[in-house]
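User: I would like to go through this model step by step, with the reasoning behind each answer made explicit. Could we begin with the term that the first answer will need?

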Amino acid sequence: MPLSEADEALIDDLFDAFAYPIDFPFEAVATAKANWPAVGTAFIQELEDAVADPWAYANGDMIYEFAYRLASDMRDTRAFAPLLATLYFPEDISEALMGDGTISNLPRALACTFDASDPASEAKLRGVAENRKLFVWSRVAAVDALYIRAHEGDADRDAVKRWVFGLANAEAEAVRLRDEDTTVLESLISTLTDLRAAEYLPDIEVWRTTLPMDQFCDSLEHIRDSITSPMSSGEYEDKFHRYYGQLTEEFATWATFVEKADRDARAALDDDEFDGYSEAAHLPFVRPTPKVGRNEPCPCGSGLKFKKCCGKDA
């Protein structure tokens, strides 16, 4: 169904607010969520476009960040497929598009948008985790997404335990026989610990004491204590183990927004007290030309969408 002119205008205003914000756009986030039935498709389209041309979204524009966070908070299963596709990106593309989000946010986004109506969804995540040709942190993200679902009670916890152990066993063999990187194995040991998989402790002890793991794996003493202890209430509240409905608002804690207060304080200083502040850089934005929607044809006549042509670096 075609969007109304009012919805099209709202989408353009939201994309303007999310592209290069100086302050965190709380009002725009609330508006996007309140109007998700009307605007959500446009944000899902951005996720799909990023899969087709990820480098176009690695230029400082924050639309992708807001798009996947909003879709996650809204539990929009349409986002699952394009988010899953990002797990197949090579390391350089993944880091350019997601940065540290591959580790901290992508697992939660995948868990929140998990398409339970597709019987193959879990198998697709497992397939990523088992594929040694993929970026190690993408593989870890797939495992973490499945762990979150088990933690929330939407996946069979014992089945996830058995699968994680089988994958860890295969990773241990790869490390032992081919001297492969231990990052995935270390993460799997941490996941087994979090799952309280004490039945696999003897195997973990062998891996931990015979294989060269010193990157970020917990000490064997800590593993023994944690894997055999009841899960604490704090772990149930830990946002990194939960679906967590404010992934977008959590973005506001980024330094790029928090440090705004510092910039405002510096603006009040005399020039000779602080020479690094540019008042012009913080004046309100004035549009020099008529507004063009990101998905409208580019006015240059190329036939491409504005966001893919002259608007790419705007």
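Analyst: A residue counts as buried under 20% relative accessible area, as exposed over 50%, and as partly exposed in between. The model discussed here is predicted.

User: Is G127 buried, exposed or partly exposed?

Analyst: G127 has its place in helix 9, which covers residues 121-130. Its relative accessibility is 30%, and because the class between 20% and 50% is the intermediate one, G127 counts as partly exposed.

User: How far apart in space are G127 and A142, C-alpha to C-alpha?

Analyst: Along the sequence G127 and A142 are 15 residues apart. In space, the C-alpha to C-alpha separation of G127 and A142 is 8.7 Å.

User: How many helices and strands does the chain have, and what share of its residues counts as buried?

Analyst: The chain holds 18 helices and zero strands. Among contacts between residues at least 6 apart in sequence, 71% join residues at least 24 apart. Of the 314 residues of the chain, the share that counts as buried is 46%.

User: Over which residues is the pLDDT below 50?

Analyst: The chain averages a pLDDT of 85, and 80% of the residues score at least 70. One stretch has a pLDDT below 50 and, beyond near neighbours in sequence, nine contacts in the model. Where pLDDT is low, the predicted coordinates should not be read in detail. The stretch in question is residues 273-288.

User: Why can helix 10 be called largely enclosed by the rest of the structure?

Analyst: Helix 10 runs over residues 136-151, and at 1.5 Å a residue its 16 residues should span 22 Å, which agrees with end C-alpha atoms that are 22 Å apart. Helix 10 is followed by G153, which has a positive phi, near 90°. The helix is largely enclosed because the number of its 16 residues that are buried is 14.

User: Which residues does S138 touch, not counting those up to four places away in sequence?

Analyst: S138 lies in helix 10 and, with a relative accessible area of 1%, is buried. Its C-alpha atom is separated by 8.8 Å from that of L106, although the two residues are 32 residues apart along the chain. Setting aside residues up to four places away in sequence, S138 touches T86, L87, S94, T102 and V128.

User: Is T102 buried or exposed, and which residues is T102 in contact with beyond its neighbours within four places in sequence?

Analyst: T102 is found in helix 7, residues 101-104. At 3% relative accessibility, T102 counts as buried. Leaving aside neighbours within four places in sequence, its contacts are S94, P107, F135, W137, S138 and A141.

User: Against which helices do the buried residues of helix 13 pack?

Analyst: In helix 13, residues 201-210, the buried residues are L201, I204, W207 and R208. These residues are on the same side of helix 13, because they cover an arc of only 120° around the axis. On the other side of helix 13, T209 and T210 are exposed. The buried residues pack against helix 11 (157-178), helix 12 (183-194) and helix 14 (220-227).

User: How are helix 2 and helix 3 oriented to each other?

Analyst: Helix 2 (residues 26-34) and helix 3 (residues 36-52) pack with their axes 6 Å apart, at an angle of about 105°. Because angles of 65 to 115 degrees count as roughly perpendicular, helix 2 is described in relation to helix 3 as roughly perpendicular.

Notes. Residues are numbered from 1 along each chain as its sequence is written. This is a predicted model: local features need pLDDT of at least 70, side-chain atom pairs count only at pLDDT 80 or more; totals for chains, interfaces and linings use all residues. Side-chain values use heavy atoms; hydrogens and water are left out. pLDDT is the predictor's confidence in each residue, from 0 to 100. Contact means heavy atoms within 4.5 Å. Helices (H or I, at least four residues) and strands (E, at least two) are DSSP runs, numbered from the N terminus. Buried means under 20% relative accessible area, exposed over 50%, partly exposed in between (1.4 Å probe, protein chains only). The arc is that of the directions from the helix axis to the C-beta atoms. The expected span of a helix is 1.5 Å times one less than its number of residues. Axes are lines fitted to C-alpha atoms, for helices over the stretch in contact, and angles run from 0 to 180 degrees between N-to-C directions. Angles under 35 degrees count as roughly parallel, over 145 as roughly antiparallel, 65 to 115 as roughly perpendicular and the rest as oblique.
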